[in-house]
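These are my notes on the model, set out as numbered points. They deal with internal space, packing, one annotated residue and some backbone details.

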Amino acid sequence: MEGLLSSVFESGVGSLSALVLGLSFGFCYCFTTAVYRLAFHPLAKYPGPFLNKLTDWVVFHRTTKGDRHLLEWREHQKYGPFVRIGPNTVSVNSLSGFKAIHGSRLSNVEKSPWYLTVIATVGSAMTSSIIDRARHAFHRRVLDNALSDVAIKSAEGIITENVHIWCKHLVDGSSNPESWSSPKNIGEWSTYLSYDIMGDLTFGKRFNCMDSEEHRYVPPLLLNASKMVYVLGMLPFEPLIRPFYRTRIMNILGGQMARDNLKFNDYAAAQMKERIAAETDDSKPTRKDLTHYLRNAKDPQTGKGFNLTELCGESSLLIAAGSDTTSVALSATIFYLLHNPTALDKLTSIIRTTFTCPEDIDSKTINNLHYLRGCFEEALRLSPAVPAHLPRKVLPGGLTIDDHHFPAGTILTTPPYTINHNEEYYPDPFSFRPERWIVDPEAPDDDISSERSVALARSAFTTFVIGPRGCAGKRLAYSELSLTLAHLLLSYDMRISPGTEGVGGGDPNHKNEGRRRPDEYQLDECFLAYRDGPIAEFRPRKN
Ligand code: HEM
């Protein structure tokens, strides 16, 4: 008995010693890591919040909250153009930084390992997430061809058809054809329109989100899918969980977002398979949709095209990148026009004096409507669809921005919301001023419409990024936005639905200072962005 007690006692002492030893080791490790990160790390000289310098958990926490873009804007106000937002991550708020990181094929960076999470959750590398430059170049060439000026011009009829259906739905629900329609949530209706256009352009058939409820469950799936990738991809130990994406374990542990992620990617894959199955030798689609370009591409290096898994990955990308972003842009533009009646009146009058009927509207004339373009560019600046997260990893040899040298392995980010609100490039940055995009040759040099100011605004415009990894669909987005706004304002009047003035904007009593501007379209960031409103009513034009 005595022997048993003493061995229990001894093993207890042994476990206690092991625990003390473990804790001491843990403490020493944390202490030396903290001292290293604060004092000796190559990024130690960069300012930033104290905790961010110590751990990546701070940014991880931000990604769960939707406010990262607002916090980083404020931090840049406080600390200047370079802010250390993680032990190994610097956020850059300058035109020179933006150009050095994204501007050219020779920029010594690549997409950060965060994009490996995207690949793992989709189940295939797609154009936006491929890190390898040569492989990316092939994917990108195919999409550049599919989204060329000629291809977009030939898609104009399809876009217009969809816009007509959209406008008819917007005026639904009035007691007589002359009066205001029932209230429409433009956040939702813009999404239905952009999904239907993207379905039509990618697979040769619209998803019918405008006409029926059947596919309307998909856009919310995409945003949850985006949030899951965003948040999990920022976990400091993420590589350990990567093998479990798309498995039952992840579906249980990752909760609703993981299940939505899987559902969204399976949905996109099913669309691609259905489209391929519909194309038999006897029945070829009569027009070239985006799938046509993808299926017929051959990599000149390997002689191989895309396999089915890759096609399904591109399908996820095209639905996500092509629909949700344009939808944010459209609802934001309508929000800003409704909240700036002078701009709305001016734009309406320009469109109504340029075109007499919908059949007159063509891209050539539209491209010369500088005020129209100024309106949506200003909305894209104020509420960018990808507000905060564009991480790039510095390659061996490092990268120099102005006089700052960043060593290999540093993660650099250029948050679009922050740069788009930088006063140096956009005076009065929170105001909606379409004229900052339009040159007035008479304007003095310090005016926002001077040649110098407009050129500066254009070069600092980060919403689509620039360079080899910049948006492949910018021209398509511009075409959709111009055609939609021209058709809408030519034939219909619109107003904020009475009593819903606050929907979509900030709340003056919000506890977060960045959310207090009633005239700013609010984005709840999840790599892409959740949003709501505005709520608008429509009627056939009165004059
Ligand atoms: C207003 C609308 C849009 C905005 C604001 C937007 C914004 C962006 C941004 C910020 C990126 C870079 C993402 C990153 O680095 O992780 C990107 C990439 C991309 N976008 Fe867009 N986009 C829009 C519309 C479209 C459309 C309509 C398409 C058409 C299919 C499209 C296709 C792509 C593709 C394929 C990429 C990946 C490019 C690459 O890595 O080579 N986007 N977009």
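1. The model is predicted. With a lower limit of 30 Å³, the count of cavities comes to 4. The largest cavity holds about 1,100 Å³ of space, and the second largest has a volume of about 60 Å³.

2. The largest cavity is lined by 49 residues, and those closest to its centre are S128, L317, A321, T325 and F527. Helix α15 gives the most to this lining, with 9 residues. Besides α15, each of α6, α7 (133–146), α10 (218–233), α13 (255–278) and α21 supplies at least two residues. By class, the lining of the largest cavity consists of 31 nonpolar, 13 polar and 5 charged residues. Anyone placing a ligand or solvent in the model may want to begin with this list.

3. Which residues line the second largest cavity? They are S190, L193, S194, I197, T326, S327, L330, E480, L481 and T484. Two or more of these residues come from each of α9 (186–203), α15 and α21. The top contributor is α9, with 4 residues. The lining of the second largest cavity divides into 4 nonpolar, 5 polar and 1 charged. Both α15 and α21 thus appear in this lining and in that of the largest cavity.

4. Open space is a separate matter. The largest pocket contains about 450 Å³. Its lining is made up of 24 residues, and D56, T89, G233, M234 and I411 lie nearest the centre of the pocket. At least two lining residues come from each of β1 (82–86), α6 (114–122), α11 (238–241) and β8 (411–413). Helix α6 is therefore listed for the lining of this pocket and for that of the largest cavity. The pocket lining has 10 nonpolar, 9 polar and 5 charged residues.

5. On packing, the largest nonpolar core has 131 residues, and the members that touch the most others are W166, I334, L337, L488 and M494. Helix α15 (residues 308–339) supplies the largest share of this core, 15 residues. Apart from this core lies another of 12 residues, including Y46, V90, L399 and L412.

6. L337 can serve as an example of the packing in the largest core. Leaving aside residues up to four places away in sequence, L337 touches A343, L344, L347, C375, F432, L485 and M494. One of these contacts, M494, is also among the core members that touch the most others.

7. C471 carries an annotation: an unreviewed UniProt entry places the feature "binding site" there. Where in the fold does C471 lie? C471 is in the loop between α20 (451–459) and α21 (474–491). Is C471 buried, partly exposed or exposed? Its relative accessibility is 38%, so C471 counts as partly exposed, since that class runs between 20% and 50%.

8. The surroundings of C471 can be given briefly. Beyond residues up to four places away in sequence, C471 touches R140 and F464. C471 and S128 are 343 residues apart in sequence, yet 8.8 Å apart in space, C-alpha to C-alpha. S128 is one of the residues closest to the centre of the largest cavity. The annotation itself comes from the UniProt record.

9. Some backbone details should be checked by eye. The peptide bond that joins G533 to P534 is cis, and its omega is near -5°. P534 sits in the loop between β11 (528–530) and β12 (535–540).

10. Positive phi values also deserve a look. N208 is not a glycine, but its phi is positive, about 65°. The loop between α9 and α10 holds N208. With 32% relative accessibility, N208 counts as partly exposed.

11. D402, also a residue other than glycine, has a positive phi near 50°. D402 is placed in the loop between β6 (399–401) and β7 (404–406). D402 counts as partly exposed because its relative accessibility is 48%, which is not over the 50% needed for exposed.

Technical notes: Residues are numbered from 1 along each chain as its sequence is written. This is a predicted model: local features need pLDDT of at least 70, side-chain atom pairs count only at pLDDT 80 or more; totals for chains, interfaces and linings use all residues. Side-chain values use heavy atoms; hydrogens and water are left out. On a 1 Å grid over the protein atoms alone, a cavity is a set of points where a 1.4 Å probe fits but cannot get out, and a pocket is an open set with protein on both sides within 12 Å along at least five of seven lines; lining residues have an atom within 4 Å of a point. Grid points are joined across faces, edges and corners, and a volume is the space filled by probe spheres set on the points. Ala, Val, Leu, Ile, Met, Phe, Trp, Tyr, Cys and Pro count as nonpolar, Asp, Glu, Lys and Arg as charged, and the others, Gly among them, as polar. A nonpolar core is a set of buried Ala, Val, Leu, Ile, Met, Phe, Trp, Tyr and Cys residues joined through side-chain atoms within 4.5 Å. Buried means under 20% relative accessible area, exposed over 50%, partly exposed in between (1.4 Å probe, protein chains only). Contact means heavy atoms within 4.5 Å. UniProt positions are given in the numbering used here, feature names are shortened, and annotations may be inferred rather than shown by experiment.
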